[in-house]
Structure formats: C-alpha cells, structure tokens
Amino acid sequence: MSGDNYYFGDSVSIHGGLGHTGIVKNQAAPAETSPALEAAIQQLVELLTELRGQVPPARAQSIDEVLPDITSAGAEPQQRHRALLAVAGIAATVGAVGQPVVEAVNSVLALLGG
C-alpha cells in the first residue's frame, strides 16, 4: 500500500521558505437530506413543540437544548442520534402523551439508517 495517498480534512504542505499562500481543503460537502427525512424531522419538531408545553420545565429545557442537533443538516450523525434518543426518552417518561414523539423519532432513525 505504500505510495497510496489518502487525505481527509485540511492539508498544508510547506516546502522551502518563501511565498507560502493557500490551503488545500479536503472536506466533503454536507450530505443532502432526502425529502422524506426532512418531512419526518418537521413532523417530529411539531410534535416536540406540543410535548414541550406538557412536560416540566427541566424536561422542556432538555428538549430545547437538543433540538438544534436534530434539525441542523450539519449536525454530526452521533450528535443527532444522541439528541433523538434523548427526546425519545423524555417522551417515553410521560406515557401516552409522548407516544407520537417516540414513533416520530423511530421514523427519523429508520430514515437515517439507524
């Protein structure tokens, strides 16, 4: 395998000592989201907004804290997964009121492949 070059992330090579400008950006563009995933996330956000008004303030704050990780297209997959599990846990603790949120989280996770 010697001679094979794999570059991930930024790479800077400096040879010599004059006129150094520029940087090689080896970053992939953010993955495009499917319309089905966008619709599932939108439905989940609507359900979380409703649920937020029916839970204690500490749980509502937890929902607020993880919501950007769920809705942001640039969120790291692990971060999004953790946020989805967090809101599913909150929803599960409130019983039947939270059941639609749990189902919506499961739909999003299925579309994400996890």
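**Exercise 1. Find which helices the buried residues of helix 3 pack against.**

Solution. The model is predicted.
- Step 1. The buried residues of helix 3 pack against helix 1 (35-52), helix 2 (57-71) and helix 4 (99-112).
- Step 2. List those residues: Arg80, Ala83, Leu84, Val87, Ala88, Ile90 and Ala91.
- Step 3. They cover an arc of only 160° around the axis, so they sit on the same side of helix 3.
- Step 4. Turn to the other side of helix 3: Gln78, Arg82, Ala92 and Thr93 are exposed there.

**Exercise 2. Check the spans of helix 3 and helix 1 against 1.5 Å a residue.**

Solution.
- Step 1. Helix 3 covers residues 77-93, which is 17 residues, and should span 24 Å.
- Step 2. Its end C-alpha atoms lie 25 Å apart, which agrees.
- Step 3. Helix 1 has 18 residues and should span 26 Å. Its end C-alpha atoms are 25 Å apart, and this agrees too.
- Step 4. Look past helix 3: Gly95 follows, with a positive phi near 80°.

**Exercise 3. Work out what surrounds the buried residue Arg80.**

Solution.
- Step 1. Place the residue: Arg80 belongs to helix 3.
- Step 2. Test for a salt bridge, with its cut-off of 4 Å. The nearest side chain of opposite charge is Asp69, 8.2 Å away, and Arg80 has no salt bridge.
- Step 3. Look for a backbone partner. The Arg80 side chain reaches the backbone oxygen of Ser72 at 2.7 Å.
- Step 4. Collect contacts, leaving out residues up to four places away in sequence: Arg80 touches Leu37, Ile41, Asp69, Ile70, Thr71, Ser72, Ala73 and Leu112.
- Step 5. Cross-check with helix 1: Leu37 and Ile41 are among its buried residues.

Definitions and conventions. Residues are numbered from 1 along each chain as its sequence is written. This is a predicted model: local features need pLDDT of at least 70, side-chain atom pairs count only at pLDDT 80 or more; totals for chains, interfaces and linings use all residues. Side-chain values use heavy atoms; hydrogens and water are left out. Helices (H or I, at least four residues) and strands (E, at least two) are DSSP runs, numbered from the N terminus. The expected span of a helix is 1.5 Å times one less than its number of residues. Buried means under 20% relative accessible area, exposed over 50%, partly exposed in between (1.4 Å probe, protein chains only). The arc is that of the directions from the helix axis to the C-beta atoms. Contact means heavy atoms within 4.5 Å. Lys and Arg count as positive and Asp and Glu as negative; His and the chain ends are not counted. A polar contact is a pair of N or O atoms within 3.5 Å; within protein, one must be able to donate a hydrogen and the other to accept it, and residues adjacent in sequence count only if both atoms are side-chain atoms.
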